[in-house]
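Student: I would like a close look at one part. Where does it sit, and what does it touch?

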Amino acid sequence: MDQKLRVGILGATGMVGQRFISLLENHPWFEVVTVAASPRSAGKTYEEAVGDRWKMDTPMPEAVKKLVVLNVNDVEHVASTVDFVFSAVDMSKEEIKAIEEEYAKTETPVVSNNSAHRWTPDVPMVVPEINADHFDVIPDQKKRLGTTRGFIAVKPNCSIQSYAPCLAAWKEFGPKELVVTTYQAISGAGKTFKDWPEMVGNIIPFIGGEEEKSEQEPLRVLGKVENGQIVKAELPKITCQCVRVPVLNGHTAAVFINFEKKPTKEQLIEKLVNFKGFPQEADLPSAPKQFIQYLEDDNRPQVTLDVDYENGMGISIGRLREDTMYDYKFIGLSHNTVRGAAGGAVLCAEALTAKGYIAKK
C-alpha cells in the first residue's frame, strides 16, 4: 500500500479503544490520526484524557499521546479527518445504532466492535476466516443508507470465538446440537483486577445478555446472503451458560457436540488444523498463519500458556474426546480483547480493504 489509510477511533479512551490503539501501532496499512470520545474527554490530549486508566500491558504509543481528543458527537468534523473509523463507543444500543449510521452517511466506512448492528439485516457480522463472503451484502446496505462508500460492518461477540470457528471447520459433518459453557475473562467487562477487586478468587454465574448472544450469533455467522440480507443458519441448535471467572484475558469454552454424520477424532483434528479462510489466502497483516491449533496434552489449552497464540489472533482447541451422551466434547480458548474484540475488527478492516470496500477518500 503506497499510502496508509487514515483511521479514526470512536470511543478511543475505553479498554477496547485502547486495544485498537495498541494493535494499530506500526500497522503497515493503517495509521491512527484521529481519536474521538465523549464530550468530557474532548479538547484534552489523549494522554490527559486517559490519565491513569491505561489498561494495556504495553506502554501508550508515543504517536497518539499528543493527539487532541475530538467530540465523538461532532460527526461531520471527525469524519472529515479520516478514511474510515473503528467504533468502540460506550453508549446505549439505540444511540450506537444512530451514531454509526450517521458516520456511514458521511461516506465514512464504520468497522464496529459494538453489538448494536449485529442483527441489522444488511450489516455483515464477520469472522473473516469463516464468512468474508457476507461482505457481499454491503452494496444493498449502501442503497438503503443512500451512500456510495459509507457502510457499517461488525464483528461478533467475543464469547463465540472459542467455539464457532470449529463449527465452520466441521461443516461437512453437520454439527447439529451444542451445549456450551463459557468461562469469561474480566477484561470482557472492560475491567482489570485493580478496578474490580471483588473478582479475585470469585466466580459470577451471570453476564447480562451474553447467553443469548452465544446461542444466536454463531447462526448468523454461519448463515448466508439472500435478497440483500443475511439469513441465519437453522443448525446447530446451541444452548449456553456464561460465567465470569477471575482471569484477566482469555475466554474458555467447554463444549459438547452432536453431528449429523459422526466423524472420527482424527478427521475432526485434521479439519481444525488445516482450516483457513480469506485472511490466510490474502496474507492479511493481522492474520494468524494458522488460525486453529490443536493441543494434544490433557491439560491444554490454558490461559497462561495459550491465550497469546498467534499474537492473540489464533484459536486453541484441546481435550477433544468421545462423550457418553454426545458425540464429542472439547475445550476452546480465544483472546477476548484481541481476536474477540479489537483484533477481530482490525482483521475485518484489512479484509474490507483487500476486497476494495475501504479505500482513501
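Tutor: Contact here means heavy atoms within 4.5 Å. Helices (H or I, at least four residues) and strands (E, at least two) are DSSP runs, numbered from the N terminus. The model is predicted: local features need pLDDT of at least 70, side-chain atom pairs need 80 or more, and totals for chains, interfaces and linings use all residues. Numbering starts from 1 along each chain as its sequence is written, and side-chain values use heavy atoms, without hydrogens or water.

Take helix α1, residues 15-24. Eight of its 10 residues are buried (under 20% relative accessible area, 1.4 Å probe, protein chains only), so the rest of the structure largely encloses α1. The buried residues are Met15, Gly17, Gln18, Arg19, Phe20, Ile21, Ser22 and Leu24. They pack against strands β1 (5-10), β2 (30-37) and β4 (84-87). Helices α2 (46-50), α3 (62-65) and α13 are also among their partners.

Now the α13 side. The axes of α1 and α13 (residues 338-354) come within 9 Å and cross at roughly 55 degrees. That makes α1 oblique to α13 (neither under 35, over 145, nor 65 to 115 degrees). From α1, the contact uses Val16, Arg19, Phe20, Leu23 and Leu24. Val338, Ala341, Ala342, Gly343, Ala345 and Val346 answer from α13. Arg19, Phe20 and Leu24 thus appear both in this contact and among the buried residues of α1.

Just after α1 comes Asn26, with a positive phi of about 60 degrees.

Definitions and conventions
Axes fitted to C-alpha atoms, helices over the stretch in contact; angles between N-to-C directions. Buried < 20%, exposed > 50% of the residue type's maximum accessible area, 1.4 Å probe, protein only.
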